[in-house]
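Reader: I'd like to learn how to read a model like this one. Could you walk me through it?

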Amino acid sequence: KVKVPKPASTRIFTISNQKGGVGKTTTTVNIAAAFAKHGNKVLVIDLDPQGNASTALGVDHTSEVPSVYDVLIDDFPLQEVVQVSPESDNLFCVPSTIHLAGAEIELVSQVAREHRLRTALDEFVTAAREAGEPWDYIFIDCPPSLGLLTINGFVAANEVLIPIQCEYYALEGLSQLLNSIHLIQKHLNPGLHLSTILLTMFDSRTNLANQVADDVRAHFPDEVLKAVIPRAVRISEAPSFRQTVITYDPSGIGAVSYLEAAAEIARRAPKSPQKKEQQ
Ligand code: ADP
Ligand code: MG
């Protein structure tokens, strides 16, 4: 078993890509489960009204369950809505319910509408640290559009993880996403930076996949992980059993590659954007 170092302080990632169906949720839940398996204390925040991350992590997210909606709109503390995932004692989830679909509109008239999640998370992370049970990793799963929910994710995070689907020419859509990250850094969260790019749905037999991977690596040599997630049926099957692939098929290629990706992320110390500019 690989030994992975614990982070010096809580690392908070938002998983982002302004496209649907590119593997954001699959990346979120499997990377999170991989970190939990490596012995870290991990939280997933489901910010997508579709609730796919909540489903994959096996937590209750029927309409009457307190959820991230109550945190964003009614100032519930995260402590009151967090659930432990049946996947692992180390893995927790703040679920999304159907109510979150309305939050995008309801947030518009709220005070500090971009900072609602950040404020709740700061309090939650501090309380855990002071109690001597700090969070190691927090992953926020966002919807595909750049609305107030996704912006709340960007403002609450320190790091952006972009999953890139190796099945079409991915770089084209990326400049819009990078521009959004830049705007968030400038106006809302100077502590945010793009730290990690994960190539996923990779099929080494196709020229396109290899070409996309080469291009992305050439443009982002420091951000792209060496570990690559293959296209694998087990990965897409796992959510229908309300499981991550780490539990569903623990020795398969899917689980092994997510565990590798997590170990690689753990070994890279997060750098602050300020420091990067001085260099
Ligand atoms: P998003 O959250 O970006 O909308 P999802 O994570 O829901 O995307 O993935 C979209 C679809 O692709 C899902 O059906 C999922 O099961 C499938 N998928 C994601 N990653 C893989 C993979 N590595 N191998 C096979 N299928 C995958
Ligand atoms: Mg999703």
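Author: Happily; we will go through the sheet, the core and the ligand shell in turn. Keep in mind that this is a predicted model.

Reader: Let's begin with the sheet. In what order do the 7 strands lie?

Author: Read across the sheet instead of along the chain. Here the order is β3-β4-β2-β5-β1-β6-β7, in an open sheet with mixed pairing. At its edges are β3 (83-84) and β7 (193-200), each of which pairs on one side only.

Reader: How many bridges join β6 to β7?

Author: There are 7, and the two strands run parallel. To locate the pairing on screen, pick P163: its bridge partner in β7 is L198.

Reader: Now the core. Which residues of the largest nonpolar core touch the most other members?

Author: The general idea first: in soluble globular proteins, nonpolar side chains tend to be buried together. In this model the largest nonpolar core has 78 residues, and A32, I140, Y258 and A262 touch the most other members. Take I140 as an example: beyond its neighbours within four places in sequence, its contacts include F13, I45, L47 and A156.

Reader: And which residues come nearest to ligand 1?

Author: Among the 15 residues around ligand 1, those are K24, T25, T26, I235 and S236. It helps to ask next which elements supply the shell. Both α1 (24-37) and α9 (233-237) give at least two residues each, and α1 has the largest share, with 3 residues.

Reader: What is the make-up of that shell by class?

Author: The shell around ligand 1 has 8 polar, 5 nonpolar and 2 charged residues.

Terms used: Residues numbered from 1 in each chain as written. Chains lettered and ligands numbered in written order. Predicted model: local features only at pLDDT ≥ 70, side-chain atom pairs only at ≥ 80, totals over all residues. Core = buried A, V, L, I, M, F, W, Y, C linked by C-beta atoms within 7 Å. Buried ≥ 20, exposed ≤ 12 C-beta atoms within 10 Å, placed from the backbone. Contact = placed C-beta atoms within 7 Å. Near = placed C-beta within 6 Å. Helix = DSSP H or I, 4+ residues; strand = E, 2+ residues; numbered from the N terminus. Nonpolar A, V, L, I, M, F, W, Y, C, P; charged D, E, K, R; others polar. Pairing = 2+ DSSP bridges.
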